[in-house]
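Q: Please take a close look at one part of this model for me, the buried interior, and then tell me what the loops are doing. Keep it informal, and spell out your cut-offs as you go.

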Amino acid sequence: MKHIAILGASGSIGQQALDVIREHQDQFKLVAFSVGKNVAYAQNIIKEFKPELVSVQNAEDIDKLKHLDVEVEYGEEGLMRVATYSKSDLLLNSIIGSIGLKPTMAAIESGIDIGLANKETLVVAGELIMRRAKEKRVQIIPVDSEHSAIFQCLNGESKKHVNKLIITASGGSFRDLTREDLKKVTVEDALNHPNWSMGQKITIDSATMMNKGLEVIEAKWLFDLNVDQIETVLHKESIIHSMVEFNDTSVIAQLGTPDMRTPIQYAFTYPDRLPRDAEKLNLAQIGQLNFKEMDWQRFKCIRFAYDAIKIGGTMPVVLNAVNEVAVSKFLNNEISFLEIEAMIEKEMKSHQVIEHPDLDTILNIDAAYKSKDYGV
């Protein structure tokens, strides 16, 4: 029996992780979790899974859960309690945003293995996180479908034989639109992803291609490769989740239906596998798979991400923080879709980079850009 803690249990990844636990109750036990403001959903989780520790966002919600015979915490301290809960064998960090950074580091310090679905942790502090995980002998198991695919392709292989990683991208909601078309798109249009069921922020990031740019930065730190060894390619079917090209020209790919429960379950079971009662891949029925070269002029955000990681230092922190603000403003109808790119580009051009930042510097810069008045 593996004991699981989940940060972000009410989000898309968190809910699908609960499906995995529900399907394999003889293998997994939910012992702790966090939610934001969705207290009603938290009540349902507590009643079904009977965890020992719960964290909510606001103090006033504690009394709504205490009668359910569970320990309740709140705020940042609550997230840290869940992340470091001594009875858990694995922490699934599926919080959206850089708020997931400190709990990830805390779990590492506590020696708890991590299933990582929080992109921003490695985007803003990948060097620090991976170095400390290695020192503490903590496993960081990727949950994103693309990184899970690479992780699986590299099983039993030596890094010295890797030529490059090839990360696939569906192209998101607007993959067939021109930049002129993008001037008129709405929030509702952007949230209509053709393949995946994801949260709002990640769905918008997929439409701008920032999601793929963040994955490139993640992959650099997860697999300890030069960013020039990481390629992206458009693949609208989302069947091949990523590939690895080796120095003998062999390419190994991981394929599957677009279902996040598969990489979540693999993170829970690694290095073993369990059966899944789910749709199986039928290539004959699909008929064909399509690929296109990534257009960096059409999808500017992916270029910003490559630029940020090549510049290094605090530039990825700025990229991530401004993107979070810009996506929020777009979702609130305060800016247009293309203004997301404009905000990011402007702030990256004006930022004075700090090399090799420590954790406090990263957090301070992140907070400064998120509280900044952008005048839009």
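A: Let's settle one term before the tour: a residue is buried with under 20% relative accessible area, exposed with over 50%, and partly exposed in between (1.4 Å probe, protein chains only). This is a predicted model, where local features need pLDDT of at least 70 and side-chain atom pairs need 80 or more, while totals for chains, interfaces and linings use all residues. Residues are numbered from 1 along each chain as its sequence is written, and side-chain values use heavy atoms, with hydrogens and water left out.

A good place to start is the largest nonpolar core, which has 122 residues; the members that touch the most others are Ile6, Phe33, Phe268 and Leu319. Helix H14 (residues 315-331) is its biggest contributor, giving 10 residues. A core here is a set of buried Ala, Val, Leu, Ile, Met, Phe, Trp, Tyr and Cys residues joined through side-chain atoms within 4.5 Å. Helices (H or I, at least four residues) and strands (E, at least two) are DSSP runs, numbered from the N terminus.

Now zoom in on Phe268. Its relative accessible area is 0%, so Phe268 is buried. Leaving out neighbours within four places in sequence, Phe268 is in contact (heavy atoms within 4.5 Å) with Lys2, Ile4, Ala17, Val20, Ile21, Phe28, Leu90 and Leu92.

One name on that list, Phe28, also brings in the rings. Rings of Phe, Tyr and Trp (its six-membered ring) pair if their centres lie within 6.5 Å, with planes under 30 degrees apart called stacked, over 60 edge-to-face, and the rest tilted. That rule gives seven aromatic pairs. In one of them, the ring centres of Phe28 and Phe268 are 5.4 Å apart and their planes are at 65°, so this pair is edge-to-face. The pair links distant parts of the chain, as Phe28 belongs to strand E2 and Phe268 to helix H11 (residues 261-269), 240 residues apart. Phe28 is buried as well, because its relative accessibility is 5%. Ring pairs also tie Phe151, Tyr266 and Tyr270 into a cluster.

Tyr270 is worth a pause for its backbone too. The peptide bond from Tyr270 to Pro271 is cis, with omega near 5°, and Pro271 is in the loop between H11 and helix H12 (283-286). Most residues other than glycine have a negative phi, and most peptide bonds are trans.

Strand E2 also takes part in another bit of packing, around helix H2. In H2 (residues 39-49), the buried residues are Val39, Tyr41, Ala42, Ile45, Ile46 and Phe49. They sit on the same side of H2 because they cover an arc of only 150° around its axis, where the arc is that of the directions from the axis to the C-beta atoms. Among what covers these residues are helix H1 (12-23), strand E2 (28-34) and strand E3 (53-56). Straight after H2 comes Lys50, with a positive phi near 50°.

On to the loops, beginning with a buried one. His351 is in the loop between helix H15 (337-350) and helix H16 (359-371), and counts as buried because its relative accessibility is 11%. Setting aside residues up to four places away in sequence, His351 touches Thr314, Met315, Val318, Ile365 and Tyr369. The C-alpha atoms of His351 and Val318 are separated by 7.8 Å, though the two residues are 33 apart along the chain.

The loop between E9 and E10 holds two residues to look at. Ser238 is in this loop and has a positive phi near 55°, in a residue other than glycine. At 5% relative accessibility, Ser238 is buried. Lys236 is in the loop between strand E9 (230-234) and strand E10 (240-246) as well, but at 42% relative accessibility Lys236 counts as partly exposed. Lys236 and Glu52 are 42 Å apart, C-alpha to C-alpha, and 184 residues apart in sequence.

Ahead of E9, in the loop that follows helix H10 (210-222), you'll find Asp224, whose phi is also positive, near 55°.

Last stop: Thr178, in the loop between strand E8 (162-169) and helix H7 (179-182). At 43% relative accessibility, Thr178 is partly exposed. From the C-alpha of Thr178 to that of Gln15 is 34 Å, with their positions 163 residues apart along the chain.
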